[in-house]
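The following exercises are to be worked with the sequence and the three-dimensional structure at hand. Each task is followed by a solution in steps.

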Amino acid sequence: MFWFLQSPMALKLFLFALLISLPTSLSSTASKGKEQKPKFNPYRYKFIDKASTFASSSSSSFSSNGRDSTYDYIVIGGGTAGCPLAATLSRNFSVLVLERGGVPFTNANVSFLRNFHIGLADTSASSASQAFVSTDGVYNARARVLGGGSCINAGFYSRADAAFVKRAGWDPKLVNESYPWVEREIVHQPKLTLWQKALRDSLLEVGVRPFNGFTYDHVSGTKIGGTIFDRFGRRHTAAELLAYANPQKLRVLIYATVQKIVFDTSGTRPRVTGVIFKDENGNQHQALLSNRQGSEVILSSGAIGSPQMLMLSGIGPKKELQRLKIPLVLENEHVGKGMADNPMNTILVPSKQPIEQSLIQTVGITKMGVYVEASTGFGQSPESIHTHYGVMSDKNELFSTIPAKQRRPEATQAYIRRNKYQLHEAFNGSFILEKLAYPISRGHLSLLNTNVDDNPSVTFNYFKHPVDLQRCVEAIRLVSKVVTSKRFLNYTQCDKQNVHEMLSLSVKANINLRPKQVNDTKSMAQFCKDTVVTIWHYHGGCLVGKVVSPDRKVLGVNRLRVIDGSTFDESPGTNPQATVMMMGRYMGVKILRKRLGNKAGV
Ligand SMILES: Cc1cc2nc3c(=O)[nH]c(=O)nc-3n(C[C@H](O)[C@H](O)[C@H](O)COP(=O)(O)OP(=O)(O)OC[C@H]3O[C@@H](n4cnc5c(N)ncnc54)[C@H](O)[C@@H]3O)c2cc1C
């Protein structure tokens, strides 16, 4: 049984391991004697608990019991920016995080790469992903879980370029300290799949050069980026950055949905006093900010959630608030404006054999402001191909061609039977995608009702600006070159004439709800417009200079900031999560230094 102990080195290691584990084993035996089994904590950290454990209730006047007293910081949304921010602030101050979703740690859809598509396809109320469809007719998703978008995303990790940092007015030294703070804990080098190697070589062949190897940096050419999936395909999320927190000063409540921010409007400027949230049983609570100077509510609810919350709390376009009878706290017509989403178009590359699954690993960073990436294969479950989610599905034609009322299960099955052969191959295979950096086209967000659980209406106006459309046309030409390159054809074994078929497959796959035209594969511009999907990098809604100041303070009110992707005018780098997490850490350090100077110790 202990064959491995035959080598002297192995024996030494075994004895050493036994020695260091002895006290633990003994103490666990001793506690077994007293029948005190160590308790499994599904929330991982002691400072996380359900929202219903909060003591105050808005039905009575607010009373604190010592534990639920006031907080120096209340962070709304424990997402990609919210977690690193809260962990940092808790070093010196009391922090309450209110997150509407549950924990990611025990959620298999979140934890494993192979479940990426299944997680997005889960449209139940308890899903970590809340689906929405923009008025453009494009499927989309937003996170509803501690760790936010980092729990449902494709995991690719790449920093912003120096020009972005400069435009943001950030201190480059602190930026360069904040990225590694994130990377040490949750970022990995990917194990490159064959297909991603083929993309790398094809990009170099068509001139997206030089090859920059594996790097987190944003540099022109072709590179391999980082990932938050480890080599076992296990996801590490922003929620794990809470490991940095001071557990004495942090409290994280899950299933805590904030309904509005509360203001004292008796002075010259509205001043935040706290927030109202509901727990998992639907009971309301009020959490209060401390009266100490510097205390703040910080909105980190993401590009959909933060503008929505400002409006629900009375900050936004006057007419819109009046329409929904929301009492006006401060008129600001810019809230919900300047929304943008980087349009993505794909060429589906079919395969008869299932291909090893990979999300994004290789990226081509071109000089024309276009990024080229690929995603291959599906998770192990055959069902993951047949789930109706945006670009991930072969069922979408149903949604675009059949009126909503007729979308019955039989119709779904009939559609799958009809299209199984061709589209199954497409979704079995892979897709090469191109996405536009910094689109000029802008959209907006507006409330449909006052229920915070419901998605607001979101419009991105993909390709409204002709320059965006022209760039897409050039990008599709580049991707066509990639799929006809020698390296690529060698690998995929498909012949050149099939490129036209690939384009028409991409149109037929009906990956969105937009009408299709007959000339889709002849006119590249039409192809772009009709097959546009999202890469989920939407941003804006609380832009710097319009809704917040450069240090993210909400203009015109006291004690309120927004720190998340809603403040970005453009998506940083090829993919934003690295910079969103970095910003959480960066802003936390900035705030501590401003309040405490050297005493902050960060
Ligand atoms: C499917 C998908 C794939 C992606 N792939 C990548 C990728 O590979 N690489 C990459 O870099 N980026 C990727 N992104 C983008 C990236 O994940 C997001 O840009 C980033 O996570 C946004 O961070 P955030 O902090 O702004 O918002 P979020 O991370 O969404 O955080 C907002 C948090 O606020 C909570 N919240 C909202 N409203 C309330 C409320 N009223 N009360 C309490 N809590 C609330 C939400 O539940 C959420 O946890 C992807 C995104 C998606 C959706």
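**Exercise 1. A helical salt bridge**

Task: Determine whether glutamate 320 is buried or exposed, and describe its pairing with arginine 323.

Solution. The model is a predicted one.

Step 1. Glutamate 320 has a relative accessibility of 12%. The cut-off for burial is under 20%, so glutamate 320 counts as buried.

Step 2. The side chain of glutamate 320 forms a salt bridge with that of arginine 323, with an N to O distance of 3.6 Å.

Step 3. Both residues belong to helix α9 (residues 318-323); because they are three residues apart, about one helical turn separates them. In general, an α-helix has 3.6 residues a turn, so residues three or four places apart point the same way.

Step 4. Arginine 323, by contrast with its buried partner, is partly exposed, at a relative accessible area of 47%.

**Exercise 2. Salt bridges of aspartate 201**

Task: Identify the arginines whose side chains meet aspartate 201 in salt bridges, and locate the pair that links distant parts of the chain.

Solution.

Step 1. One partner is arginine 200, at 2.9 Å from N to O.

Step 2. Another partner is arginine 487, at 3.7 Å from N to O. This pair links distant parts of the chain: aspartate 201 lies in helix α7 (residues 194-205) and arginine 487 in helix α13 (residues 486-492), 286 residues apart.

Step 3. Arginine 487 has a relative accessible area of 48% and is therefore partly exposed.

Step 4. For context, the count of salt bridges comes to 13. Elsewhere, Arg159, Glu183 and Asp217 are linked in a salt-bridge network.

**Exercise 3. The surroundings of helix α2**

Task: Establish how many residues of α2 are buried and what covers them.

Solution.

Step 1. The buried residues of α2 are Gly82, Cys83, Pro84, Leu85, Ala86, Ala87, Thr88 and Leu89. Eight of the eight residues are thus buried, so the helix is largely enclosed by the rest of the structure.

Step 2. The covering elements include the strands β2 (73-76), β3 (95-98), β10 (250-254) and β14 (296-299), together with the helices α6 and α16.

**Exercise 4. Two helix packings on α16**

Task: Classify the orientation of α2 and of α6 relative to α16, and describe each contact.

Solution.

Step 1. Helix α2 (residues 82-89) packs on helix α16 (residues 577-596) at an angle of about 25 degrees, and the axes are 7 Å apart. Angles under 35 degrees count as roughly parallel, so α2 and α16 are roughly parallel to each other. The crossing of α2 with α16 is right-handed.

Step 2. On the α2 side, the contact involves Pro84, Leu85, Thr88 and Leu89. Their counterparts in α16 include Met581, Gly584, Arg585 and Met587. By class, the residues of this contact are eight nonpolar, three polar and one charged.

Step 3. Helix α6 (residues 172-186) packs on α16 at about 120 degrees, with axes 8 Å apart. The two helices are therefore oblique to each other. The crossing of α6 and α16 is right-handed.

Step 4. Among the α6 residues in this contact are Leu174, Glu177, Tyr179 and Trp181, and among those of α16 are Ala578, Met582, Tyr586 and Arg593. The contact of α6 with α16 comprises 11 nonpolar, two polar and four charged residues.

**Exercise 5. Leucine 312 and its contacts**

Task: State where leucine 312 is found and which residues it touches.

Solution.

Step 1. Leucine 312 is located in helix α8 (residues 302-312) and, at 9% relative accessibility, counts as buried.

Step 2. Leaving aside residues up to four places away in sequence, leucine 312 touches Gln259, Lys260, Ile326, Leu447, Asn449, Thr450 and Val452.

Step 3. The C-alpha atom of leucine 312 is 8.2 Å from that of isoleucine 261, a residue 51 positions away along the chain.

**Exercise 6. Backbone features in loops**

Task: Find which residues are joined by a cis peptide bond, and describe the phi values of tyrosine 438 and phenylalanine 463.

Solution.

Step 1. Arginine 209 and proline 210 are joined by a cis peptide bond, with omega about 5 degrees. Proline 210 is placed in the loop between α7 and β7 (211-214).

Step 2. Tyrosine 438, in the loop between β21 (430-436) and β22 (443-446), has a positive phi near 30 degrees. Tyrosine 438 is partly exposed, at 43% relative accessible area.

Step 3. Phenylalanine 463, in the loop between β23 (457-459) and α12 (466-483), has a positive phi near 60 degrees. Phenylalanine 463 is buried, at 6% relative accessible area.

Definitions and conventions:
Residues numbered from 1 in each chain as written. Predicted model: local features only at pLDDT ≥ 70, side-chain atom pairs only at ≥ 80, totals over all residues. Heavy atoms only, no water. Salt bridge = Lys/Arg side-chain N within 4 Å of Asp/Glu carboxyl O. Helix = DSSP H or I, 4+ residues; strand = E, 2+ residues; numbered from the N terminus. Buried < 20%, exposed > 50% of the residue type's maximum accessible area, 1.4 Å probe, protein only. Axes fitted to C-alpha atoms, helices over the stretch in contact; angles between N-to-C directions. Parallel < 35°, antiparallel > 145°, perpendicular 65-115°, else oblique. Left-handed = near helix turned anticlockwise from the far one by under 90°. Contact = heavy atoms within 4.5 Å. Nonpolar A, V, L, I, M, F, W, Y, C, P; charged D, E, K, R; others polar.
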